[in-house]
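Visitor: Please take a close look at one single part of this structure, and then place that part within the rest of the chain. I would like the terms spelled out as you go.

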Amino acid sequence: MDVISEELNKLSLLDNHSSEFNVTRNYLDWLTSMPWGTNSQENLSLDRAREVLEEDHYGMDDVKKRILEFIAVSQLRGSTQGKILCFYGPPGVGKTSIARSIARALNRQYFRFSVGGMTDVAEIKGHRRTYVGAMPGKMIQCLKKTKTENPLVLIDEVDKIGRGYQGDPSSALLELLDPEQNSNFLDHYLDVPVDLSKVLFICTANVTDTIPEPLRDRMEMINVSGYVAQEKLAIAERYLLPQMRTLCGLTEEKASISSDALSLLIRQYCRESGVRNLQKQIEKVFRKVAFNIVSGAQDSVAVTPDNLHNYVGKPVFTVDRMYDVTPPGVVMGLAWTAMGGSTLFIETSLRQPLGGAEAKGEGSLEVTGQLGEVMKESAKIASTFARAFLMTKEPGNNFLISSHLHLHVPEVN
């Protein structure tokens, strides 16, 4: 009120046509349109929140449990405290969409802004009023738009925040996301402390490595892992099929995909952790079905495992079983990949020495395959350990000491 009174006094002394008049008037507009002390009535019913979260998303038990805990604590305290949660996980697992569901469950206003590639600190902290066309930062714009002091703010792609000559926005986020500091958040444009302690901040990220350590320290990290095949199948039947069917203007009588066909689609075409690619493939099927119906080739289509390849082409992933029983020299391993993982058959065989130092009786180990330094070192350690172990058990056995071994790791999809 002191600042508003001061600005009004200044305005009364200014000429209507001066540039300072418009600057002061705009500033007063922003000050008076802020929701000082206005809060939306929160819904703190656990049953209602559980119902909304289950309705919108399948699985994601960790996230749902954490939100229900937040509601329970708010109920006992009699007031809602702002929190900073960060959901991280692979693309397409529903990190952004769960934030909208949480806002609906809590009956909070929802505001989203993405900081991916953002290089200007003024986007967060605002411009100083001396600049032409100065604007407050995103948080002040959020409060003006939502008209409440306790919205749910989604800060998207926090791991892809940039750094330019206008400053480092990730450092500007530190004040915004620090529970100890954000009760007196100071925007460069408003220059009046704003209370952000009631705001529920939710950040999303694909990886945590690129989030600066001080920023990561202020957030509660929650891993949103990918879905297994059974979960993907349930998501496809509950959510994706009805959505894509409506999007392509089809009805259940005109187009259907059997559960077996969906399972095949998931297993051989969509092995990603998320369900975004699965959604694209289902839409691809329905688009072709829609084309066939409109062109008069068919009245209705039932997609089964037998005719699935007509709509989505040849399988991207095939399962080859190389050995029923692994022979000596072959061991089975597991590898982590972006698609969730795959099995490896690590093969070893004896090779003949080519001459030189090798022919003199000293054994060797050759490692091939697309391996990193750690895997190569592991192979050498295993070889050294095997030699030492054999010497303790059978001192007379020189097989590993004099043999020339070739170890090969075929492929990692």
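Guide: Let us start at D191, which is partly exposed, with a relative accessible area of 46%; buried here means under 20% relative accessible area, exposed means over 50%, and partly exposed lies in between, with a 1.4 Å probe and protein chains only. The model is a predicted one, in which local features need pLDDT of at least 70 and side-chain atom pairs count only at pLDDT 80 or more, while totals for chains, interfaces and linings use all residues. Residues are numbered from 1 along each chain as its sequence is written, and side-chain values use heavy atoms, with hydrogens and water left out.

D191 sits in the loop between β4 and β5 (helices are DSSP runs of H or I with at least four residues, strands are runs of E with at least two, and the numbering starts from the N terminus). The phi angle of D191 is near 55°, a positive value in a residue other than glycine.

The loop between β4 (185-186) and β5 (193-194) also holds Y189, which brings us to the aromatic rings. The structure has 3 aromatic pairs, where rings of Phe, Tyr and Trp (its six-membered ring) pair if their centres lie within 6.5 Å, and where planes under 30 degrees apart count as stacked, over 60 as edge-to-face and the rest as tilted. In one of these pairs Y27 and Y189 meet edge-to-face, at 6.0 Å centre to centre and with 75° between the planes. Y27 belongs to helix α2 (residues 19-33), and the pair therefore links distant parts of the chain, 162 residues apart. Both Y27 and Y189 are buried.

The pair of F385 and F389 is stacked, with the centres 5.9 Å apart and 20° between the planes. These two residues lie in helix α14 (residues 373-393), separated by 4 residues, or about one turn of the helix. F385 is exposed, with a relative accessible area of 56%, whereas F389 counts as partly exposed at 45%.

A positive phi is found at E157 as well, where the angle is near 55° in a residue other than glycine. E157 lies in the loop between β3 (152-156) and α8 (169-176) and is partly exposed, with a relative accessible area of 26%.

F113, in strand β2 (residues 110-114), counts as buried at 4% relative accessibility. Leaving aside neighbours within four places in sequence, F113 is in contact (heavy atoms within 4.5 Å) with several residues, among them M118, K138, V153 and I155. From F113 to A386, C-alpha to C-alpha, the separation is 56 Å in space and 273 residues in sequence.

For the chain as a whole, there are 15 helices and 13 strands. The radius of gyration is 30 Å, well over the 22 Å that the globule rule gives for 413 residues, so the chain is more spread out than a compact globule; the radius is taken over C-alpha atoms, and the rule is 2.2 Å times the number of residues to the power 0.38. Along the principal axes, the C-alpha atoms fill a box of roughly 100 × 65 × 45 Å. Of the 413 residues, 41% count as buried, and among contacts between residues at least 6 apart in sequence, 73% join residues at least 24 apart.
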